[in-house]
Structures are given as C-alpha cells and as structure tokens.
Amino acid sequence: MEKASTKEIAARFDADVSTFANLATGQSSIIDAPLALELATEAARRIAPAATDILDIGCGAGNYTLMMLHKLPNANCTLVDLSAKMLSKAVERVAAVAKGKITPVHGDIRTVELKAGSFDIILAGAVLHHLRGDSDWEQVFAKLYAVLKPGGCLMISDLIKQDIGVLEDYSRERFARHLENIGGKAFREEHLKAVEREDTPRTMTFQLELMRKAGFRQTDILHKNACFGTFCGVK
C-alpha cells in the first residue's frame, strides 16, 4: 500500500482535533496513554529538574506539554506540529496554564529550523512512527540530539514494532482488541486502516540503537505494552 503524504496526514489531524485534546485520557486509541504521559513527563522532570526550555514535536493538542507544565510550570515551550489546527489548539490550551514563553512552529520536524543546544527536554509523543526510511530516522534522531542541551533528555512514547515476528503478530492482536473495546468493530477497522496507510513504526531496539549512534550517553526503557512503548535518551 502506498503511504499517505505529509499533507494527507496533516489534513486528517486537522479534522480530528477534539480526539487529542483530553489530558485525562490522552489519545484513547493508544494502550496505556495516561500512564505514558505520566511516565515520560515525570522521568523528564527528574532527569532535568532545572529545565527552562521544552520542545514538543508532533505536539498534537498539547497533552504532553500540559502534563510537563504541571511539573515544571515556569518552562518555555516550543510546540511543533504538521497540523495547523492541532497546533492552534495546543497553543490555546498551553497558554491557559503557561508562565513561560510559548513558541508555535507549524511544520515537519524534518525541515523546521531549530537552534542547536536550545532545549532541556524534548517530548515526542506518538509522532516518530510517521517517519519513513532509515535516512529519515537517522536525520531526525541526529537533529534532536543536536538541539538538546548537554544533560538534556529525549522522551519518546510511540507505536512500535516487535523484533520477533510472532510477538509482532500477538501485539497487533492485542492492539486490535483494545481498539474494538473502546470503539467497536467499525472503529477498529478504520483505525487499523489509518495505521497501515500512514504509519511506519520501528522497533524500540532500533530506536535505542539510533540514539546511541546519534551520541546519547544513556538510554533507558520506561514502559512497554504490546505495540506501544515509552523510552528515553540523555545527552
């Protein structure tokens, strides 16, 4: 199947802002979404307790930044998203609680300009699975490493693949059951078609290795359940 273009992905998210604007549940289609929000942001706070600058890539409606600001209320926030409507919603929600500066950036993380050594924390919630070939992945991980300050951290929570084929099948079965439980069979089929059309997830192993290749001095795993995982790297 031919994968969706960046413009097609942005258009779908433009039409579905409300689904992503719930801090209590996170994105409900994601297994353990509230737990992932808590783990990623609390781990980031503990790694970088004096953080002043946060970058949220693929920020959606702003859930990860909002949760981060509950823990670091004075931080400045840079929000990046393909979807103009998602970005607008994120700014609206974040502005209601933020004490620091908010910088919205409309665009693709692969091409937007970000200053090197600018951020203490990078949040990447359910976004990197939209990357395509190895060159995309390597470019983005190198870029994220470059824009972090020394001692800063990259927190990823995302759709992932398994290294072992039979476990990949099992994980997808669990994901399908989860989707059906929250929205019924029609919702399950619609969501799985969107995943097939839009997403190219990689294994956690692959991404941890990419972090080390980019220069991250430490990596760790916070959580893994079926085809979703939360993990991090420290510069």
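The bend at a residue is the angle between two axes, one fitted to the seven residues ending there and one to the seven starting there. The exercises below concern a predicted model.

**Exercise 1.** Determine where helix H6 bends and how its span departs from that of a straight helix.

*Solution.*
Step 1. Helix H6 covers residues 165–198, and a straight helix of 34 residues would span 50 Å at 1.5 Å a residue.
Step 2. Between its end C-alpha atoms, H6 spans only 21 Å.
Step 3. On inspection of the axis, H6 is found to bend by about 130° at Gly183.

**Exercise 2.** State which elements the buried residues of H6 pack against.

*Solution.*
Step 1. Identify the buried residues of H6; among them are Glu168, Phe175, His178, Leu179, Arg188, His191 and Val195.
Step 2. Trace their packing partners: helix H1 (6–14), strand E5 (148–159) and strand E7 (228–234).

**Exercise 3.** Describe the arrangement of the strands in the sheet and name its edges.

*Solution.*
Step 1. An open sheet is formed by 7 strands, in the order E3-E2-E1-E4-E5-E7-E6, with mixed pairing.
Step 2. Its edge strands are E3 (102–106) and E6 (218–225), each of which pairs on one side only.
Step 3. On average, neighbouring strands of this sheet are turned by 15° against each other, direction ignored.
Step 4. Within the sheet, take the pair E1 and E4: their sense is parallel, over 4 bridges. Ile121 in E4 is the bridge partner of Ile54.

**Exercise 4.** Establish which strands are touched by helix H5 and which are crossed by helix H7.

*Solution.*
Step 1. Helix H5 (residues 134–147) packs on the sheet and touches E1, E4 and E5. The direction of H5 makes about 140° with that of E5.
Step 2. Helix H7 (residues 204–214) lies across E5, E6 and E7. Relative to E7, helix H7 runs at about 10°.

**Exercise 5.** Decide whether helix H3 is mostly covered or mostly open, and examine the contacts of Lys71.

*Solution.*
Step 1. A residue counts as buried under 20% relative accessible area. In helix H3 (residues 63–71), 8 of the 9 residues are buried, so by this definition the helix is mostly covered.
Step 2. The buried residues of H3 pack against helices H2 (33–47) and H4 (84–95), and against strands E1 (53–57), E2 (76–81), E4 (119–125) and E5.
Step 3. Lys71 lies in H3 and is one of its buried residues.
Step 4. Apart from neighbours within four places in sequence, Lys71 is in contact with Glu38, Thr41, Glu42 and Arg45. With Glu42, the side chain of Lys71 forms a polar contact of 3.2 Å.

Key. Residues are numbered from 1 along each chain as its sequence is written. This is a predicted model: local features need pLDDT of at least 70, side-chain atom pairs count only at pLDDT 80 or more; totals for chains, interfaces and linings use all residues. Side-chain values use heavy atoms; hydrogens and water are left out. Helices (H or I, at least four residues) and strands (E, at least two) are DSSP runs, numbered from the N terminus. The expected span of a helix is 1.5 Å times one less than its number of residues. Buried means under 20% relative accessible area, exposed over 50%, partly exposed in between (1.4 Å probe, protein chains only). Contact means heavy atoms within 4.5 Å. Two strands pair if DSSP finds at least two bridges between them. Axes are lines fitted to C-alpha atoms, for helices over the stretch in contact, and angles run from 0 to 180 degrees between N-to-C directions. A polar contact is a pair of N or O atoms within 3.5 Å; within protein, one must be able to donate a hydrogen and the other to accept it, and residues adjacent in sequence count only if both atoms are side-chain atoms.
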